[in-house]
Amino acid sequence: MIDLKLLQKDFQNISARLTAKGVDVELLERLKIKNEELKSAKAEFEALQASQNTMSKEFGIYKKEGKDIGELKSRVDANKIKIADALEVQRVKQEELENIAMSVPNIPDDDVPVGEDEEDNVEIKKVLAPREFPFNPKEHWELAEQNGWIDFERGVKLATSRFSVSFGTGAKLERALINFMLNFNSKRGFEEVSVPSIVNRGALEGTGQLPKFEDDLYKIQDQELFLIPTAEVPVTNLYQDEILSADMLPLKMTAYTSCFRKEAGAAGRDTRGMIRQHQFHKVELVAITKPQDSDKIFDEMVQTASDLLSALELPHRLVTLCTGDLGFGAAKTVDLEVWLPGQNTYREISSVSNTRDFQARRAKIRYKDDKKNTLVHTLNGSSLAVGRTMVAIMENFQNEDGSITIPKVLEPYMN
């Protein structure tokens, strides 16, 4: 959730940055008004409380002086009713404010390029040169079927479209990648954690998937439980509603999970193959840190994901997302896009984001800074999406006869 005090204090600047992210200025005006209404309701409640305290002191004086307390008692009783009414008004105003605030995305950092969509993203650099093929490279779904690695029809048979089944070497490669990624990240100082694949509504509200993206989530019938869209949700919320000691930070974690997304907003996109599946495996990086350290850790996470791709000998590029392409919870994001020769283009394989204190404010994650409690900064990033990494390996390591060479770093994991 954005800092409402900051919005109130610097409305013109903050609203300009949010409208660059596609937020309707009328929504921000409503948010500002609701914030002012809540402040007025709190002031009214506090005034009535102060009056009650004054009258309570008068009781003692009246009794000591032997005065009649009848009229004073009537005023106290009437004020109690006003206090109860004012408390209810304050509760309603708080709820109205939070309902609007929860739908407002994070404020982009000042250095995020302004733009409308992915066409306005800014390339930072390319890493490794794409391989020159003496033949026309095939796309991954053709290679997967030719080698018997992945069966898309049986995925549909078991579930519906955008599910698949891995067999033999394909299944082994999937497992090898997961183990390799976790080991790689652990060596970089990210502690491995294993978390549930089902979370409650509060966890998804904490990281910003709810209430805005409920249509894209798989919900457990008759329960307030959901299949996770990313390990970012359970890993970040491990510390929900906690006050951490300063010496615990930074917390750097890595986790493997299956992820589940309806892809409700991606109808008709990437319907073939493994680029956009309803269930997919992913290894995630999550960091919880002091605000002054979050930029340094953001760079470290981007570098870790890039080095992982380099270890797999996969050409890729780093791209800064513009305001219009920035995710709901992100203040800044760098995408890593891997080269796919079969498609003759770069495609996203990792997205590393700094959410600043946006998630921490929603999830109430703080740390004790000297004598006061301060909101942490949270960061997350794919390291990597396993299915897309398999796609990249198939297309980049294909041979003319359609066979696929396994990257050297994975050979020990493939037995």
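**Aromatic pairs, nonpolar cores and charged contacts**

In the predicted model, Phe213 has a relative accessible area of 34% and is therefore classed as partly exposed. Phe328, by contrast, is buried, its relative accessible area being 9%. Both residues reappear below in the account of the aromatic pairs, of which the structure holds 6. One of these pairs is formed by Phe180 and Tyr413, whose arrangement is edge-to-face, with 5.8 Å from centre to centre and an angle of 75 degrees between the planes. This pair links distant parts of the chain, Phe180 lying in helix α7 and Tyr413 in the segment after α12, 233 residues apart. The two partners fall into separate accessibility classes, since Phe180 is buried at a relative accessible area of 7%, whereas Tyr413 is partly exposed at 26%. For Phe213 and Phe328, the ring centres are 5.7 Å apart and the planes stand at 85 degrees, so that this pair too is edge-to-face. Here again distant parts of the chain are linked: Phe213 belongs to the loop between α8 (201-207) and β6 (225-227), Phe328 belongs to the loop between β10 and β11, and their positions lie 115 residues apart in the sense that the two are 115 residues apart. Phe180 and Tyr413 also belong, together with Phe184, to one aromatic cluster.

The largest nonpolar core comprises 50 residues, and among these Leu173 and Leu177 touch the most other members. At least two residues of this core are supplied by each of α5 (140-146), α7 (168-187), β9 (279-289), α10 (294-311), β11 (332-340), β12 (345-354), β15 (377-385) and α12 (386-396). The largest share, 8 residues, comes from α7. When residues up to four places away in sequence are set aside, Leu177 touches Leu312, Val386, Thr389, Met390, Ile393 and Leu410. A second core, separate from the one just described and made up of 20 residues, includes Ile14, Leu38, Met102 and Ile107. Such groupings may be read against a general background, in that nonpolar side chains tend to be buried together in soluble globular proteins.

With regard to the cysteines, the count of disulfides comes to 0. Cys259 is buried, with a relative accessible area of 0%, and Cys322 likewise counts as buried at 0% relative accessibility.

Charged contacts were examined next. Side chains of opposite charge can pair when their charged atoms come close, and a search of the whole structure finds 28 salt bridges. In one of them the side chains of Lys34 and Glu96 meet at 3.0 Å from N to O. Lys34 is placed in helix α3 (residues 25-65) and Glu96 in helix α4 (residues 70-101), so that distant parts of the chain, 62 residues apart, are linked by this pair, while Glu96, with a relative accessible area of 28%, is partly exposed. A further salt bridge joins the side chains of Arg317 and Glu123 at 2.9 Å from N to O. Because Arg317 lies in strand β10 (residues 316-320) and Glu123 in strand β1 (residues 122-127), the pair ties together parts that are 194 residues apart in sequence. Both partners are partly exposed, Arg317 with a relative accessible area of 22% and Glu123 with one of 35%. The side chains of Glu263 and Arg276 also meet in a salt bridge, at 3.5 Å from N to O; these residues are 13 residues apart, and each is located in the loop between β8 and β9. Glu263 and Arg276 are both buried. Through salt bridges that share partners, Lys34, Glu37, Lys93 and Glu96 are joined into one network.

Lys252 provides a further polar case. This residue lies in strand β8 (residues 251-260) and, because buried residues are those under 20% relative accessible area, its value of 18% places Lys252 in the buried class. The side chain of Lys252 makes a polar contact of 2.5 Å with the side chain of Glu300. Apart from residues up to four places away in sequence, Lys252 touches Arg188, Gly189, Phe190, Glu191, Val286, Ala287 and Glu300.

Technical notes:
Residues numbered from 1 in each chain as written. Predicted model: local features only at pLDDT ≥ 70, side-chain atom pairs only at ≥ 80, totals over all residues. Heavy atoms only, no water. Helix = DSSP H or I, 4+ residues; strand = E, 2+ residues; numbered from the N terminus. Buried < 20%, exposed > 50% of the residue type's maximum accessible area, 1.4 Å probe, protein only. Polar contact = N/O pair within 3.5 Å; in protein donor to acceptor, adjacent residues only side chain to side chain. Contact = heavy atoms within 4.5 Å. Core = buried A, V, L, I, M, F, W, Y, C linked by side-chain atoms within 4.5 Å. Disulfide = S-S within 2.5 Å. Salt bridge = Lys/Arg side-chain N within 4 Å of Asp/Glu carboxyl O. Phe/Tyr/Trp six-rings, centres within 6.5 Å; stacked < 30°, edge-to-face > 60°.
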